[in-house]
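These are my notebook entries on one protein chain. I set down what I looked up, entry by entry.

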Amino acid sequence: MNIYFKSVPFSKSDVTLALESGVDGVIVPADKVESVSQLSRTAVIAEEDMPSRSMSTKADEEAIRDELLAGTQAVLARGWEIIPVENLLAQCPHVVAEAGNLEEAVLAAGILQRGVQGIVVLPEAIGDLKDIVSRCKTSREHEELQEAVITRVEPAGLGHRVCIDTMSMLHRGQGMLVGNSSAFTFLVHAETEHNEYVASRPFRVNAGAVHAYIRLPNDTTTYLSEVEAGREMLVVDHTGATTLAVAGRVKIEVRPMLLVEAVCGDKKGAVFLQNAETIRLTAPDGTPVSVVSLKPGDKVLCRTDEAGRHFGMRIKEDIQEK
């Protein structure tokens with residue numbers, strides 16, 4: 001989701017605050033585009049290039065739909081209602097809506113459980129801007145996590161494992177969803193815990209072997225080997241709440257590995273993780289569980305799904321992953 005701040009009428013102090021808050025773009029009068037562009041490597045858009053359109057009747061909704069389908073940029077003016085926006089989202093993914101306060105922004109971000117593609121924050125919401133960016137840009141849909149029962153843990157020889165160092169400080173109970181199959185991923189905990197030999201690395205998830213799937217935002221996956229610096233990663237906590245963190249560095253190194261297998265209902269899953277005390281899965285209460293102490297019968301959090309991905313996108317296909 002993109003967050004824009006509309007500084008019309010123009011205010012230099014508001015634009016500065018918006019850029020510091022991490023918006024994706026600012027909308028300003030045309031005669032201010034050049035000067036504002038010197039302040040940051042952030043998109044600066046002339047007001048007339050993102051016109052707002054009122055949507056108070058069915059005819060307005062249909063006209064805006066036709067414009068969006070034709071590729072014309074239009075922003076839903078403040079005062080939009082949920083049902084017409086749902087109708088637009090069902091037909092056009094590129095819906096952008098204005099918000100005049102935090103509540104309106106959060107509402108727009110959650111319509112049809114995926115939200116609009118972009119939010120234009122109006123000047124009257126400048127006091128809420130940092131909260132809007134935090135709540136709407138980094139928060140994502142809820143992940144349905146389940147308890148899985150460990151059935152097997154054993155050494156698996158050497159392998160290339162992937163360490164993802166994010167540009168964010170993660171907390172106890174948070175991690176990333178990784179597994180041999182996209183249909184069964186484990187919540188691999190961030191390195192938030194201290195021990196007497198190694199300091200905590202709360203920005204890091206030692207995620208697993210290069211071939212494994214990792215769940216990303218927007219219901220996509222990728223192989224761990226394909227994660228690169230600058231990529232947005234999906235961070236999940238033990239309650240299923242999600243946020244985003246950008247990968248700042250990815251380290252692939254040869255390490256001794258463990259095979260971990262588990263069952264959840266009638267589904268079986270596996271993941272290869274580094275054989276070290278600092279690598280942990282996540283217990284149902286959010287407690288990190290070291291793979292070194294993991295044993296059959298222990299319970300950890302997982303996410304189950306239907307198998308079938310093509311370049312990370314969900315597809316319907318008869319597929320088995322073992």
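**Entry 1: burial and surface.** I began with burial in this predicted model. Of the 322 residues of the protein chain, 49% count as buried. I then looked up the surface and found that the chain exposes about 15,400 Å². Carbon and sulfur atoms supply 49% of that exposed area.

**Entry 2: overall form.** I noted that the C-alpha trace spans about 65 × 45 × 30 Å along its principal axes. For the secondary structure I recorded six helices and 21 strands. I also looked up the contacts with a separation of 6 or more, and 58% of them are between residues 24 or more positions apart.

**Entry 3: charges.** I recorded 33 positive and 46 negative side chains in the protein chain. The centres of the two sets lie 6 Å apart.

**Entry 4: a sheet.** I traced an open sheet of seven strands, whose order is E3-E2-E1-E7-E6-E5-E4. The pairing in this sheet is parallel. I reminded myself that strands of a sheet pair through backbone hydrogen bonds, either parallel or antiparallel.

Which strands stand at the edges? I found strand E3 (43-46) and strand E4 (52-53) there. Each has a single partner strand, so one side of each is left without a neighbour in the sheet. I followed E4 to strand E5 (residues 75-76), to which it is joined by two bridges. In one entry for this pair, Arg53 has Leu76 in E5 as its bridge partner.

**Entry 5: aromatic pairs.** I searched the whole structure for aromatic pairs and obtained two. A pair of aromatic rings is described by the distance of the centres and the angle of the planes.

I looked up Phe184 and Phe186, whose ring centres are 5.2 Å apart. Why is this pair called tilted? Their planes stand at 45 degrees, and tilted pairs are those that are neither under 30 degrees nor over 60. Phe184 counts as buried at 2% relative accessibility, and Phe186 is buried as well, at 0%.

I then turned to Tyr213 and Tyr223, with ring centres 5.2 Å apart and planes at 35 degrees, so this pair is tilted too. Tyr213 lies in strand E12 (residues 213-216) and Tyr223 in strand E13 (residues 220-223), so the pair ties together parts that are 10 residues apart in sequence. Are these two residues buried or partly exposed? Tyr213 is buried, with a relative accessible area of 10%, whereas Tyr223 is partly exposed, at 36%.

Terms used: Residues numbered from 1 in each chain as written. Predicted model: local features only at pLDDT ≥ 70, side-chain atom pairs only at ≥ 80, totals over all residues. Heavy atoms only, no water. Helix = DSSP H or I, 4+ residues; strand = E, 2+ residues; numbered from the N terminus. Buried < 20%, exposed > 50% of the residue type's maximum accessible area, 1.4 Å probe, protein only. Contact = heavy atoms within 4.5 Å. Areas by Shrake-Rupley, 256 points an atom, 1.4 Å probe, with all protein chains shown as cover. Lys, Arg positive; Asp, Glu negative; His and termini not counted. Charge placed at Lys NZ, Arg CZ, Asp CG, Glu CD. Phe/Tyr/Trp six-rings, centres within 6.5 Å; stacked < 30°, edge-to-face > 60°. Pairing = 2+ DSSP bridges.
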